[in-house]
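This report covers a sheet and the helices around it. The sequence and the structure are shown first.

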Amino acid sequence: MQLHILFTPAILLVLVRVAVAGHHPPQAACNISPSSSRPWNSLPPTPSLDGLLAKSDYVQADDGTRLWYGLAGRSPQSSLHDLHKPPLLFLHSGLANSNYFSNQVRCLLPYFSIILTDLRGHGRSFDNINIQKITYERMSKDVLTLLDALNVPSVIVVAWADGANAAIQLALTDPSRIERLFSYGASYDPSNSNYTSPSMPVVQEFYARTKDEWMTLAPQDKPKDSYPQFVTKIATLWSTSPKWTRDTFRRIQGVDVVVSGGEQEEVLKKDVPLTLRSWIPTSKLVMLPGVSHFAVLQDPASFNNALKDFLGIGPQ
């Protein structure tokens, strides 16, 4: 018989403290230094989840779309329902996949029951070709579907770019499902975009790489010729949403939020994190030096240190 543990917000806070007190992560996992003296101008290789997942499977959204998820740990049972490890969910950026968070998973695995998911249409997840749009509302509903399937009523979220926007949407509509949120590279309006960024070498490399990764990670029954349609949906998502204002964020209540960004941000205008910080009542601002939109790869040590501080994990 499989045991399902229900994590309430109060229990989660206690469990973080218990986990922090009892575990020490491998230094090498947390302290991966930048590979360049100018990290914002580089896009280091995408790390692998090999050896990190105890289980991977699919859940089905209400429109029939199959969504991939992975549980990090030594076994499917211990990875999610460990009393000493509260659940933490990673949500990646648009066009990317869960592999991009591998360095963060290695660092935080001693403390948390880690859940990963490829957003709708991305990586190992499928898309519904009969639906013309991918929206942040749809993404947030997909997250709810996953949490419900795993019997996880409340979760800590670490999210990047589109993943962060989906997490914010979830905090707006179902704040009780998010215990805390670390949001990196989020936006609030299509006008936040830096329209010169597609011509930048790092961004062009990201576009080319994520296409290759999409083709490699796609399951055998995921149509490879649907990639152009997928990219069109993401481009439409970026050009039309989100459409949030100061009043919108007043609906976020009871969720601790860190708004984070890179001081060398190139995909979004550099004042976006400061605006979000001023609009989200429960938030604080954490800016990372020497990195751009792709900090998870460019300087894993700085990104991990920001996460450890956010999660209450002291220096080792």
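The text below describes a predicted model, beginning with the sheet and ending with the helices.

**The sheet**

Eight strands make up an open sheet with mixed pairing, in the order 1-2-4-3-5-6-7-8. Strand 1 (53-60) and strand 8 (283-288) each have a single partner strand and stand at the edges, so one side of each has no neighbour in the sheet. On average, neighbouring strands are turned by 20 degrees against each other, direction ignored.

Three of the pairings involve strands 5 to 8, and the table sets them out.

| Strand pair | Bridges | Direction | Bridge partners |
|---|---|---|---|
| Strand 5 (155-160) and strand 6 (178-184) | Six bridges | Parallel | Ala159 and Ser183 |
| Strand 6 and strand 7 | Five bridges | Parallel | Leu181 and Val257 |
| Strand 7 and strand 8 | Six bridges | Parallel | Val257 and Ser283 |

Val257 of strand 7 thus appears in two rows: its bridge partners are Leu181 and Ser283. Strand 7 is mostly covered, with six of its seven residues buried.

**Helices on the sheet**

Helix 10 (residues 272-279) packs on the sheet and touches strand 7 (256-262) and strand 8. The direction of helix 10 makes about 165 degrees with that of strand 8. Helix 12 (residues 300-311) lies across strand 3 (87-91), strand 5, strand 6, strand 7 and strand 8. Relative to strand 6, helix 12 runs at about 155 degrees.

**Helix 8 and the helices that cover it**

Helix 8 (residues 227-240) has 14 residues. From its first C-alpha to its last, helix 8 reaches 20 Å, close to the 20 Å expected at 1.5 Å a residue. Its buried residues are Tyr227, Phe230, Lys233, Ile234 and Leu237. These lie on the same side of helix 8, because they cover an arc of only 125 degrees around the axis. Pro228 and Ser239, on the other side of helix 8, are exposed. The cover over the buried residues of helix 8 includes helix 5 (136-149), helix 6 (162-173) and helix 7 (201-217).

Two of these covering helices, helix 5 and helix 6, also pack against each other, at an angle of about 75 degrees and with their axes 8 Å apart. Angles of 65 to 115 degrees count as roughly perpendicular, and helix 5 and helix 6 are therefore roughly perpendicular to each other. On the helix 5 side, the contact is made by Tyr136, Glu137, Met139, Ser140, Val143 and Leu144. Helix 6 contributes Asp162, Asn165, Ala166, Gln169 and Leu170.

Technical notes:
Residues are numbered from 1 along each chain as its sequence is written. This is a predicted model: local features need pLDDT of at least 70, side-chain atom pairs count only at pLDDT 80 or more; totals for chains, interfaces and linings use all residues. Side-chain values use heavy atoms; hydrogens and water are left out. Helices (H or I, at least four residues) and strands (E, at least two) are DSSP runs, numbered from the N terminus. The expected span of a helix is 1.5 Å times one less than its number of residues. Buried means under 20% relative accessible area, exposed over 50%, partly exposed in between (1.4 Å probe, protein chains only). The arc is that of the directions from the helix axis to the C-beta atoms. Contact means heavy atoms within 4.5 Å. Two strands pair if DSSP finds at least two bridges between them. Axes are lines fitted to C-alpha atoms, for helices over the stretch in contact, and angles run from 0 to 180 degrees between N-to-C directions. Angles under 35 degrees count as roughly parallel, over 145 as roughly antiparallel, 65 to 115 as roughly perpendicular and the rest as oblique.
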